[in-house]
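Me: Hello! Could you walk through this model with me, one question at a time?

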Amino acid sequence: MEYRHIFWKLGFAKHLHRKRIEAIINELGLFDGQFPILDVLDELGTASQKEVANKLHVSAASMTNSVKRLEKNGYLTCIVSSKDRRSHQLSLTEKGKEARRFCVEHFDQSDHAIMKDIAQNELEIFEKVLDNIIEKLKEFEKGE
């Protein structure tokens, strides 16, 4: 069996799914990387940029432009701490909460449409296989 072909298909499926996600978020004028910020803030409520970055496994600096754009477009507020001017607390505005709800609803609809003709037992097996692949890749990351 040619494993490379399986990984190519996996990557291609990810690419096609990503294009679908981008089409949904673009309807709101959002860009790649902005929805995850909204999603984490929905979960955390109010958080520093560093806390959001840690949750997303990215650097706080790499989020700066997205945070500025989200604030400029009214999706979140950025409050500077009175104690430490370098510290900013981010929180969703009502517009940000509505945008997140819109995206989640459309993501769910899209995911259900994609998976509707796949049997539950096949999905369970597929998920187990993906979990095994992820664990092996994590082992390689650790150098094991």
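Reply: Gladly! Let's begin with a cut-off: a residue is called buried when its relative accessible area is under 20%, exposed when that area is over 50%, and partly exposed in between. Please keep in mind that this is a predicted model.

Me: Thanks! Is S110 buried or exposed?

Reply: S110 lies in helix α5. Its relative accessible area is 10%, and the limit for burial is under 20%. S110 is therefore buried.

Me: Which residues is S110 in contact with, leaving aside its neighbours within four places in sequence?

Reply: Contact here asks for heavy atoms within 4.5 Å. With neighbours within four places in sequence left aside, the partners of S110 are R20 and I24.

Me: I24 is a good lead into α1. Which residues of α1 are buried?

Reply: Helix α1 covers residues 3-26. The buried residues of α1 pack against α2 (34-44) and α5 (94-115). They are I21, I24 and I25.

Me: How far apart are the end C-alpha atoms of α1?

Reply: Helix α1 has 24 residues, and at 1.5 Å a residue it should span 34 Å. The span is reckoned with one less than the number of residues. The distance in the model agrees with that expectation, as the end C-alpha atoms are 34 Å apart.

Me: Now to the pocket. Which element gives the largest share of the lining of the largest pocket?

Reply: The largest pocket holds about 310 Å³ of space. Two or more lining residues come from each of α1, α5 and α6 (120-142). The largest share is four residues, and the element that gives them is α1.

Me: How many residues of each class, nonpolar, polar and charged, are in the lining of the largest pocket?

Reply: The lining consists of L10, A13, K14, H17, D111, I114, M115, L123, F126 and L130. Lys and Asp count as charged, while Leu, Ala, Ile, Met and Phe count as nonpolar. Sorted by class, the lining has seven nonpolar, one polar and two charged residues.

Me: Next, Q34. Which backbone atom does the side chain of Q34 reach?

Reply: Q34 is found in helix α2, where F35, I37, L38, V40 and L41 are buried as well as Q34. At 2% relative accessibility, Q34 falls under the 20% limit and so counts as buried. A polar contact needs N or O atoms within 3.5 Å. At 2.6 Å, the side chain of Q34 reaches the backbone nitrogen of F31.

Me: Which residues is Q34 in contact with once its neighbours within four places in sequence are left aside?

Reply: Here too, neighbours within four places in sequence are not counted. The remaining contacts of Q34 are G29, S66, R69 and L70.

Me: How far apart in space are N65 and Q34, C-alpha to C-alpha?

Reply: N65 lies in helix α4. At 63% relative accessibility, N65 counts as exposed. N65 and Q34 are 31 residues apart in sequence, and their C-alpha to C-alpha distance is 9.7 Å.

Me: And what is the phi of H57?

Reply: H57 is found in the loop between α3 (49-56) and α4 (64-72). With 73% relative accessibility, H57 counts as exposed. H57 is not a glycine, although its phi is positive, at about 60 degrees.

Methods
Residues are numbered from 1 along each chain as its sequence is written. This is a predicted model: local features need pLDDT of at least 70, side-chain atom pairs count only at pLDDT 80 or more; totals for chains, interfaces and linings use all residues. Side-chain values use heavy atoms; hydrogens and water are left out. Buried means under 20% relative accessible area, exposed over 50%, partly exposed in between (1.4 Å probe, protein chains only). On a 1 Å grid over the protein atoms alone, a cavity is a set of points where a 1.4 Å probe fits but cannot get out, and a pocket is an open set with protein on both sides within 12 Å along at least five of seven lines; lining residues have an atom within 4 Å of a point. Grid points are joined across faces, edges and corners, and a volume is the space filled by probe spheres set on the points. A polar contact is a pair of N or O atoms within 3.5 Å; within protein, one must be able to donate a hydrogen and the other to accept it, and residues adjacent in sequence count only if both atoms are side-chain atoms.
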